[in-house]
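Hi,

Here is the structure I promised to pass on. Have a look at it first, and then read on for what turned up.

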Amino acid sequence: MTYIELINYFWMKDLEKKFSLIETRLYFILLNYANKFRWKRNVNLSNNRLINEIGCSLTGLCKARKNLINRGFISYKKGNQFSAGTYTVHRQFTGNSTDSSYEDHCTEQKESELPFNRPFESCTTSGVNGEEKHMESMMQNNMSIYKKNNKQSMEQSNIYKTRQDKDKKRQDKDEEEKMKKEEERFHLLPHRRIIELYNEICIDLPSFDEQNIDYLESDLHKRNRNLGTEQSWREFFTRVDDSDFLCNRIPEKSFNCSLYWLLQDENFTKIMIGNYDVNYEYGSDDVYLPTKETY
């Protein structure tokens, strides 16, 4: 018999009389090793190795091995302290099989009616094929249920994602409306006008491109609530422009700031409380330079 035929024959015999879990694992482990060795020699395996691979006790291993021998699937030669036991996987099954339990079960049948005397194909048509059809139908049913559940989960995921997108858009829209209402309520200066004032007054600082105004929307909005009117913004930028340190007009100190830097909470507070108002005086012995803590 071929490797596949041995497997089919094993499951056919399992339909007649169930093998235990240990017997099944033991047989397929031996079958796998024999196939790896290309059936050129017997399989030598110690009890400890099989116990670890199967996950059973020594008593369970011995019992499973005895049942497989009695049913004619394997033969076993006991080893010694220098060599492991030798297993032989039978590839031919005849009426002289040592499967005593099977013979007792079939004593009233004629010899020609015994399954091991019929061609292998005829043995599998009624039992194994019927079981295969049953398993195939079960797999198809399980697959259809899986596809249905998977489709439902995907639909629910898409619905959830759509809801998230809608919620995000709604939040963004609400935030924009809130900002507009605040600007209208407090008569806040439009952001583009703030950019124009900065570029007009702070000529020594890097100019800001109005196309990038979206990146400063939140910072401009916060500072706008502090200053609000055009006059307040003009005074703020004039104060920055008057600072030699912020505008990098001190030879001993190189410092470059930008509109983004001016709008940050900590920097804005320091400018408003006058940390950068003291300027460098040319020709004076007292040169003031802001310390690290200042900027």
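The chain exposes about 19700 Å² of surface, and carbon and sulfur atoms supply 49% of that. Bear in mind that this is a predicted model. Of the chain's 295 residues, 33% count as buried. You should be able to pick out twelve helices and three strands. If you take the contacts with a separation of 6 or more, residues 24 or more positions apart account for 61% of them.

A good place to begin is helix 4, which covers residues 58-70. Does its length add up, or is something off? Its 13 residues should span 18 Å at 1.5 Å a residue, and the end C-alpha atoms are 18 Å apart, so the two figures agree. Which residues of helix 4 are buried? They are G60, L61, A64, R65 and L68. Looking down the axis of helix 4, you'll see these buried residues fall within an arc of 130°, so they line one face of the helix. The spacing fits a general rule: an α-helix has 3.6 residues a turn, so residues three or four places apart point the same way. Over on the other side of helix 4, T59, K63 and K66 are exposed. As for what the buried residues pack against, that would be helix 2 (21-36), helix 3 (47-54), strand 2 (74-77) and strand 3 (85-89). Just after helix 4 comes G72, which takes a positive phi of about 85°.

Next, the aromatic rings. There are 18 aromatic pairs in the count. One of them is F236 with F268: the ring centres are 5.2 Å apart and the planes sit at 45°, so this pair is tilted. F236 belongs to helix 10 (residues 230-242) and F268 to helix 12 (residues 265-272), so to speak two distant parts of the chain, 32 residues apart, linked by the pair. Are these two residues buried or exposed? Both F236 and F268 are buried.

Another pair worth a click is W261 with Y276. Their ring centres are 6.1 Å apart and their planes at 65°, which makes the pair edge-to-face because the angle is over 60 degrees. This pair also links distant parts of the chain, with W261 in helix 11 (residues 259-263) and Y276 in the segment after helix 12, 15 residues apart. W261 has a relative accessible area of 17% and is buried. Y276 is buried too, at 2%.

Elsewhere, Y9, F10, W11, F19, Y27, F28 and F73 form one aromatic cluster.

Some rings have a charge over them as well. R223 places its charged end over the ring of F268, 4.6 Å from the centre. The charged end of K36 sits over the ring of Y33, 5.8 Å from its centre.

Last stop: P190. You'll find it in the loop between helix 7 (128-185) and helix 8 (191-201). With a relative accessible area of 48%, P190 is partly exposed, because it falls short of the 50% that exposed residues must pass. P190 and H221 are 31 residues apart along the chain, and their C-alpha atoms are separated by 9.3 Å.

Cheers

Key:
Residues are numbered from 1 along each chain as its sequence is written. This is a predicted model: local features need pLDDT of at least 70, side-chain atom pairs count only at pLDDT 80 or more; totals for chains, interfaces and linings use all residues. Side-chain values use heavy atoms; hydrogens and water are left out. Helices (H or I, at least four residues) and strands (E, at least two) are DSSP runs, numbered from the N terminus. The expected span of a helix is 1.5 Å times one less than its number of residues. Buried means under 20% relative accessible area, exposed over 50%, partly exposed in between (1.4 Å probe, protein chains only). The arc is that of the directions from the helix axis to the C-beta atoms. Contact means heavy atoms within 4.5 Å. Accessible areas come from the Shrake-Rupley method with a 1.4 Å probe; for residues, only the protein chains shown count as cover. Rings of Phe, Tyr and Trp (its six-membered ring) pair if their centres lie within 6.5 Å; planes under 30 degrees apart count as stacked, over 60 as edge-to-face and the rest as tilted. A charge sits over a ring if NZ of Lys or CZ of Arg is within 6 Å of the ring centre and within 35 degrees of the ring normal.
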